[in-house]
Amino acid sequence: MANSTRAAAGAAAAAITVSPLANDFGAIVTGLDFARGLAPDAAHAIRAAWARHAVLVFPEQELAPEALEAFTLALGAFGEDPFIAPMPGHPNILELRREPDETAQNFGAAWHSDWSFQPCPPAGTILHSKIVPPVGGDTLYADTARAFEALSPTMQRMLDGLEAVHSAAFAYGPRGVLARDADR
């Protein structure tokens, strides 16, 4: 790599500001413009912040589908969705749209982990909101590692060694929540 290219990549990472949220679970990341692409050093800095804070927020990013795909690939491989049809022309983007007059249960409204039922789930999910209602359009996150640490030692011992089975049947199965709302 030429010195000027190496310096530009290093400058991209140096321009990033990671501001931890008050409880240190999650951080706001600024100093990037995803539409211009992501230098390797910047991608490395983002992965390090993600490992440290678990949830990252990138405010004020206007992303065309192509920029969203490029940003995703800078961080890792695309995941696969076996149940939802992708956005036309973009096989790795799912458009979740809800019209004001819909009466079906809100997709993804319950606590869940995206695609954790897959044999090899993706490392993470990238959400990019275009239109969010003034009430009820938020996405909440839970720090399960801290939740476990906050349990009493007795409860931790009771849970130690247990295994969870993640299944898509409750949501996507023939008698699942979404099947009951298919007509709505």
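D143 is partly exposed, at 22% relative accessibility. Its side chain meets that of R146 in a salt bridge, with N and O 3.4 Å apart. R146 is also partly exposed, with a relative accessible area of 37%. The model that holds this pair is predicted.

The salt bridges of the model come to three. A second one joins D24 and R52, whose closest N and O atoms lie 2.9 Å apart. This pair links distant parts of the chain, 28 residues apart. D24 sits in the loop between β1 (17-20) and β2 (27-30), whereas R52 belongs to helix α2. The two partners fall into separate accessibility classes. D24 is partly exposed, at a relative accessible area of 22%. R52 is exposed, at 54% relative accessibility. In another salt bridge, the side chains of R97 and E95 meet at 2.6 Å, N to O. R97 counts as exposed because its relative accessibility of 57% lies over the 50% cut-off. E95 is partly exposed, with a relative accessible area of 41%.

The overall fold was examined next. The protein chain contains seven helices and three strands. Read from the N terminus, the order of elements is α-β-β-α-β-α-α-α-α-α. The chain has 184 residues, and 20% of them count as buried. Its exposed area is about 13200 Å². Carbon and sulfur atoms supply 57% of that area. Among contacts with a separation of 6 or more, 61% are accounted for by residues 24 or more positions apart.

Helix packing was followed through α3 (65-75). The buried residues of this helix are A67, L68, E69, F71, T72 and L75. They pack against α2 (40-53). One of these buried residues, F71, also takes part in an aromatic cluster. Ring pairs join F71 with F34 and F58 in that cluster.

The loop that precedes α3 in sequence runs from β3 (56-57) and holds Q61. Q61 is buried, with 12% relative accessibility. That value is under the 20% cut-off, so the residue falls in the buried class. The Q61 side chain reaches the backbone nitrogen of F34 at 3.0 Å. F34 is thus a partner of Q61 as well as a member of the aromatic cluster. Beyond its neighbours within four places in sequence, Q61 is in contact with L32, D33, F34 and H128. E60 lies in the loop between β3 and α3 as well. E60 is exposed, at 80% relative accessibility. Its backbone carries a positive phi, near 60°, although the residue is not a glycine. Most residues other than glycine have a negative phi.

A positive phi also occurs at W115, at about 60°, and W115 is not a glycine. This residue is placed in the loop between α3 and α4. W115 is buried, at 15% relative accessibility. The aromatic pairs of the structure come to four. In one of them, the ring centres of W115 and F117 lie 5.7 Å apart. The planes of these two rings stand at 85°, so the pair is edge-to-face. F117 is partly exposed, with a relative accessible area of 22%.

The surface was then searched for nonpolar patches. F148, L151, M155, M158, L159 and L162 form one such patch. Together these residues have about 530 Å² of accessible area. Helix α5 (residues 153-159) gives the most to the patch, with three residues. L151 is placed in the loop between α4 (144-150) and α5. L151 is partly exposed, at 31% relative accessibility. This value lies over the 30% cut-off for patch residues, so L151 passes that cut-off.

Definitions and conventions:
Residues numbered from 1 in each chain as written. Predicted model: local features only at pLDDT ≥ 70, side-chain atom pairs only at ≥ 80, totals over all residues. Heavy atoms only, no water. Patch = residues over 30% accessible without salt bridge, like charges linked within 9 Å, V, L, I, M, F, W, Y side chains within 5 Å. Areas by Shrake-Rupley, 256 points an atom, 1.4 Å probe, with all protein chains shown as cover. Salt bridge = Lys/Arg side-chain N within 4 Å of Asp/Glu carboxyl O. Helix = DSSP H or I, 4+ residues; strand = E, 2+ residues; numbered from the N terminus. Buried < 20%, exposed > 50% of the residue type's maximum accessible area, 1.4 Å probe, protein only. Polar contact = N/O pair within 3.5 Å; in protein donor to acceptor, adjacent residues only side chain to side chain. Contact = heavy atoms within 4.5 Å. Phe/Tyr/Trp six-rings, centres within 6.5 Å; stacked < 30°, edge-to-face > 60°.
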